[in-house]
Amino acid sequence: MGRHRNDPRGIAQMVAIGGVIVLFITLVVLGGFFLYKSLPSGNDAAAVPEGAGEEADPQAEALETGTLFVRVIGESSDVVVRVPGGDVLADTTLTTDEYLSFDESRILNVTIGRPSEVEVYVHGEHRDISDEDAGYSFTVEP
């Protein structure tokens, strides 16, 4: 008489393997679905916002709405914008034609690494800082 028994561990392993297979198939199907949704549609005109082909004029944008607008017109400059005693909003090096724009209702402390390389607009008005020393700092009131 042989000794035969049902191995409950074997059944649990089969259920676990089946669960992994179902999970794998679900992930593949969801991945394919989201990949399909991310592809451009056949109607490309509907996906392009109106005026997207036009160059945005950053100066006009600053004059209309911004509290502070800084654009590099030379080679490069370090720009640091912070809230006094609080957050650092920007600490970066900008290169030619790159700009930062802020519309804040808080006081801002601004430090420009190379003032002769940038143009600055505060509340839409040009502020000439080209003759200032390197590391020039100023405050922008709301």
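**Exercise 1. Aromatic residues.** State which residues form one aromatic cluster, and how many aromatic pairs a search of the whole structure finds.

*Solution.* Begin with the cluster, whose members are Phe 69, Tyr 99 and Tyr 121. Next, widen the view to the whole structure, where the search finds 4 aromatic pairs; here rings of Phe, Tyr and Trp (its six-membered ring) pair if their centres lie within 6.5 Å, with planes under 30 degrees apart counted as stacked, over 60 as edge-to-face and the rest as tilted. Before going further, note that this is a predicted model, in which local features need pLDDT of at least 70 and side-chain atom pairs count only at pLDDT 80 or more, while totals for chains, interfaces and linings use all residues. Residues are numbered from 1 along each chain as its sequence is written, and side-chain values use heavy atoms, with hydrogens and water left out.

**Exercise 2. The overall plan.** Describe the order of helices and strands along the protein chain, and how its residues are buried and connected.

*Solution.* First count the elements: the protein chain has 3 helices and 8 strands, where helices (H or I, at least four residues) and strands (E, at least two) are DSSP runs numbered from the N terminus. Then read along the sequence, which gives the pattern α-α-α-β-β-β-β-β-β-β-β. Of the 142 residues, 24% are buried, a term that stands for under 20% relative accessible area, with exposed meaning over 50% and partly exposed in between (1.4 Å probe, protein chains only). Finally, consider contacts (heavy atoms within 4.5 Å): among those between residues at least 6 apart in sequence, 59% join residues at least 24 apart.

**Exercise 3. The sheet that holds β1.** Work out the strand order of the open sheet that contains β4, β1, β6 and β7, and find which residues stand opposite Phe 69 and Val 70.

*Solution.* The order is β4-β1-β6-β7, with antiparallel pairing; two strands pair if DSSP finds at least two bridges between them. The edge strands, each pairing on one side only, are β4 and β7 (125–127), and neighbouring strands of this sheet are turned by 20° against each other on average, direction ignored; such angles run from 0 to 180 degrees between N-to-C directions, along axes that are lines fitted to C-alpha atoms, for helices over the stretch in contact. Now follow β1: 4 bridges join this strand to β4, where Ser 101 stands opposite Phe 69, and 5 bridges join β1 to β6, where Val 120 is the bridge partner of Val 70. As a last step, compare the two faces of β4, of which the covered one carries Leu 100 and Phe 102, whereas Tyr 99 and Ser 101 lie on the uncovered one.

**Exercise 4. The other sheet and Arg 82.** Determine which strands are the edges of the sheet β3-β2-β5-β8, and whether Arg 82 is buried, partly exposed or exposed.

*Solution.* This open sheet of 4 strands is also antiparallel in its pairing, and its edge strands are β3 (88–95) and β8 (136–140). Strand β2 (residues 76–82) pairs with β3 over 7 bridges, and Val 80 has Asp 91 as its bridge partner in β3. Arg 82 is found in β2 and counts as partly exposed because its relative accessibility is 36%. Leaving out residues up to four places away in sequence, Arg 82 touches Asp 87, Val 88, Leu 89, Ile 107, Leu 108 and Asn 109; the C-alpha atoms of Arg 82 and Ile 107 are separated by 8.6 Å, although the two residues are 25 apart along the chain.

**Exercise 5. The core.** Name the residues of the largest nonpolar core that touch the most other members, and list the contacts of Val 120.

*Solution.* A nonpolar core is a set of buried Ala, Val, Leu, Ile, Met, Phe, Trp, Tyr and Cys residues joined through side-chain atoms within 4.5 Å. The largest has 19 residues, of which Leu 68, Val 81, Ile 112, Val 120 and Phe 138 touch the most other members. The elements giving two or more residues to this core are β1 (68–72), β2, β3, β4 (99–102), β5 (108–112), β6 (118–122) and β8. Beyond its neighbours within four places in sequence, Val 120 is in contact with Leu 68, Phe 69, Val 70, Glu 125, His 126, Arg 127, Ile 129 and Phe 138.
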